[in-house]
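Please look through the structure shown here. The briefing below deals with one helix and then with some paired strands.

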Amino acid sequence: MGDGGSDTGEDPMLDSLICVAGSSIKKSGFIASHSTDERERRVIFVNAGGEELRRQGHSEIEVEADRFFQGGDVLRTDEEVADGGDLPSIYQSARYGNFCYEFRDLPPGDYSVDLHFAEIVYTNGPRGMRVFNVFIQDEKAVSELDVYSIVGANRALQVMNIPVSAGKDGVVSVNFQGVVGSPTVSGICIKQGAPELQLVSSGRDGKSLLCDNCFAPVKLTAAENKAARMSFTAKYEREIRELKAQCQMKQDECYEAWMSLTAANQELEKVRAELDVKFFQNFTLGQAMEKETEKMAKISSKYEHDRRLWVAAIDELERKMKAIKSEHSQLSFEAHQCANSIPGLNQMVTAVQSLVGQYDDLKMKFNEEQERRKKLYNQLLESKGNIRVFCRCRPLNMEEASSRPQTVVEFTDAKDGDLGVLMNGSNKKIYKFDRVYTPKDDQCDVFEDASPVATSVLDGYNVCIFAYGQTGTGKTFTMEGTEQNRGVNYRTLELLFKIAEDRKKTISYDISVSVLEVYNEQVRDLLASSPPAKRLEIKQVSEGVNHVPGVVDMKVENVDEVWNILQTGSNARAVGSNNVNGHSSRSHCMICTVVRAKNLVTGECTRSKLWLVDLAGSERLAKTDVQGERLKEAQSINKSLSALGDVISALATKSSHIPYSLATCMLLISSIGFRNSKLTHLLQDSLGGDSKTLMFVQISPSEHDLGETVSSLNFATRVRGVELGPAKKQSDTTEIQKLKLMLCQLKCKDDTIRKLEENVQALEGKTKSKEQFSKSQQDKIIDLENQVELKAELCGHLEKRLSQVYEKMQRKEEACYSFQQKVISFIILATFQRS
Ligand code: ADP
Ligand code: MG
């Protein structure tokens with residue numbers, strides 16, 4: 001057996017492997033020879049356990065699919081076989097188990113056999129896992145071959161050139177017999193001709209051939225060869241048998257060790273797997289635990305936060321509850337008090353109701369009485385005369401006083417309205433007036449008598465008050481007065497506001513004022529901020545109502561506004577005139593106060609006018625002795641004053657007690673020349689009928705002015721209807737007394753009613769406020785009770801929530817704890833198993 005000797009001696013195992021002379025072992029796969037001879041020698045080449053293989057090229061190879069076998073199984077691998085040579089896929093398949101090959105129909109002769117092996121199953125197995133013998137033609141050709149121990153796993157190995165002879169039957173049998181495990185083969189190639197023996201070393205005769213492995217001399221002839229082989233074989237077989245026995249023993253031991261090791265390994269593997277599983281479980285548990293811990297921490301922090309919030313909320317609620325409770329008890333107490341006071345209240349309410357009844361009754365009576373009072377008052381005024389004339393004499397001025405003039409007026413019977421005028425020294429003439437004021441009488445005295453007439457405008461009557469007289473006799477003083485010593489104008493309006501205020505519960509008043517001036521028969525608006533585009537004309541707007549369109553009509557709310565307006569008018573009167581006093585004395589200043597009243601009880605509405613007129617100076621034309629413009633002025637004044645005198649005296653005649661027929665009255669009125677002057681035209685709707693007229697005749701005490709004084713007094717007498725005066729007055733004295741008494745009584749009644757009214761109103765107010773208070777308190781109590789109920793409900797709800805959250809927390813804590821326990825036990829188990 002030989003192979004160029006490269007493997008020989010390297011591996012002592014080979015010694016016991018092959019004993020067939022001429023054969024050799026090669027630790028690589030099949031390499032095709034380039035020589036055609038070699039190719040031609042291949043008779044049969046089967047791929048054991050595999051398919052037919054073919055390789056084209058300059059050295060064509062043809063390997064048949066597996067055949068000629070008997071028994072055994074097929075082994076295959078996809079793993080690559082190292083050193084597989086030209087046909088590595090031969091080694092990827094094998095036949096193994098209990099099998100043999102029988103090649104038939106071979107021409108008798110010498111052949112050589114190549115066996116191809118590869119350990120493709122026990123790739124990781126130990127040596128000796130598969131050990132087998134190969135018999136060719138029943139002779140052991142390969143002894144105890146262990147492929148793995150020679151080349152390792154998945155590597156090709158060839159046992160080449162095993163000589164064999166085919167007999168007449170043409171059969172070559174190749175038998176495989178296992179020593180340990182099952183035999184295996186990947187390919188078998190039968191070549192023609194015996195292998196050439198190589199001379200390795202010289203034997204005793206110098207010609208003998210030696211086996212590579214056992215150095216047995218190989219004889220040239222087959223018989224010699226065989227005999228030598230037999231003897232060596234016997235010797236070595238013995239040794240082999242011993243060794244084999246030992247080996248078997250070792251192998252058995254080894255096998256046992258291997259088996260136990262395998263079992264131990266398997267056990268270890270199992271344990272390792274289990275450990276892995278446990279580790280994995282441990283790891284996942286740890287992760288889960290971490291997550292749970294995190295969750296727990298979150299939950300507990302949230303819980304802590306919530307708990308703090310809830311605690312604060314509960315504290316707040318408790319505080320509120322306490323406050324509400326105390327408020328509730330306070331309110332209950334108040335309610336109790338209220339309830340206790342309710343009987344008294346009820347009594348009060350019934351009393352008030354009866355009072356209200358009484359009040360209504362009284363109100364009705366009061367209204368009736370008021371109506372009657374108005375009538376009586378008016379009758380009283382009328383009894384005094386709707387047209388009244390007061391005479392006022394101014395004091396001597398400084399100049400007059402210094403020149404010691406004679407006073408021509410006498411006031412001995414001034415109280416009775418008699419004024420004496422000394423004519424020509426001793427001749428005394430008596431003038432009768434409704435009232436005579438001496439120079440000592442002040443503004444208050446004057447106003448006291450004038451006020452009833454002036455204020456009747458509030459009862460719906462039209463009123464005209466004039467100041468008539470020579471310039472410088474005190475017309476303006478009486479009407480306007482000075483800031484310290486105010487006159488009729490201001491005092492009248494002041495009183496109107498006062499009465500309006502007193503009556504505001506029953507009557508509402510709307511007062512407006514306009515200020516006009518009549519000069520040279522032209523009307524001028526003293527309140528207008530700019531001169532009007534058109535001349536102011538007097539128009540009749542409805543039956544008995546005259547109006548000057550475009551005149552400023554200032555609504556006034558209080559007396560301060562009145563003063564401002566009067567000042568504005570007074571100032572405007574002076575504008576546009578070189579000589580202020582001169583101008584004012586030659587024009588009529590007319591203040592028109594319009595009163596709109598609404599009786600709040602009866603709903604009755606009235607509209608009335610009060611004229612306060614500061615007339616132009618009445619001095620006669622002859623005395624002034626003027627011409628041109630002055631003459632025109634004087635004529636205008638004269639005309640208007642005459643017209644006024646005519647109108648008033650006509651009215652005085654009409655309203656006198658002389659029993660004129662109705663027709664005569666109508667005739668008288670229609671004949672009155674109102675339109676003869678702008679002054680009377682303006683006053684038309686305020687003179688006559690029920691309207692009241694009061695004229696102040698202003699005179700001077702100086703004898704220098706005697707002429708004008710007499711003239712003024714005559715005018716006044718005419719105006720007053722002097723011929724009827726005394727008779728009228730006298731006949732009325734008892735009646736007046738009676739009426740005065742009645743008026744007094746009425747005033748008393750008025751006062752009582754007013755007081756009662758006030759009492760009732762106060763009581764009503766009190767009752768209402770009490771009722772409202774108790775109602776609001778009750779509402780508050782109900783509200784608070786509702787709130788308390790709501791809060792209590794909320795509290796209960798919150799407590800429930802809190803306990804739920806707490807329970808949840810506890811459950812989480814328990815779960816966490818059990819997790820921890822589990823993890824610890826797993827860790828202990830794992831450590832235990834590992835150790
Ligand atoms: P008239 O308007 O009629 O022209 P006034 O009112 O201007 O007259 O009065 C002329 C002067 O006489 C003024 O200085 C005024 O103060 C004064 N006077 C008039 N009447 C009285 C009186 N009763 N008491 C004191 N002074 C008076
Ligand atoms: Mg004047």
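Helix 14 is mostly covered, with 11 of its 15 residues buried. The model is a predicted one.

**Helix 14**

- The buried residues include the hydrophobic-lettered entries L706, V710, L713, F715, A716 and V719.
- E708, T709, S712, T717 and R720 are also among the buried residues of helix 14.
- Helix 14 covers residues 706-720, and its end C-alpha atoms are 21 Å apart, which agrees with the 21 Å expected because each residue counts for 1.5 Å.
- In an α-helix there are 3.6 residues a turn, so residues three or four places apart point the same way.
- G721 follows helix 14 and has a positive phi, near 70°.

**Strand 11 and its partners**

- Strand 11 (residues 172-180) pairs with strand 6 (residues 93-103) in the antiparallel sense, over four bridges.
- Within that pairing, C100 has N175 of strand 11 as its bridge partner.
- Strand 8 (residues 131-136) also runs antiparallel to strand 11, and six bridges join them.
- Here F135 stands opposite N175 in strand 11.

**The sheet of strands 17, 18 and 19**

- These three strands form an open sheet in the order 17-18-19, with antiparallel pairing.
- Strand 17 (409-410) and strand 19 (427-432) are the edge strands, each pairing on one side only.
- Strand 18 (residues 418-423) is joined to strand 19 by six bridges in the antiparallel sense.
- The bridge partner of V421 is K429, which lies in strand 19.

Definitions and conventions: Residues numbered from 1 in each chain as written. Chains lettered and ligands numbered in written order. Predicted model: local features only at pLDDT ≥ 70, side-chain atom pairs only at ≥ 80, totals over all residues. Heavy atoms only, no water. Helix = DSSP H or I, 4+ residues; strand = E, 2+ residues; numbered from the N terminus. Expected span 1.5 Å × (residues − 1). Buried < 20%, exposed > 50% of the residue type's maximum accessible area, 1.4 Å probe, protein only. Pairing = 2+ DSSP bridges.
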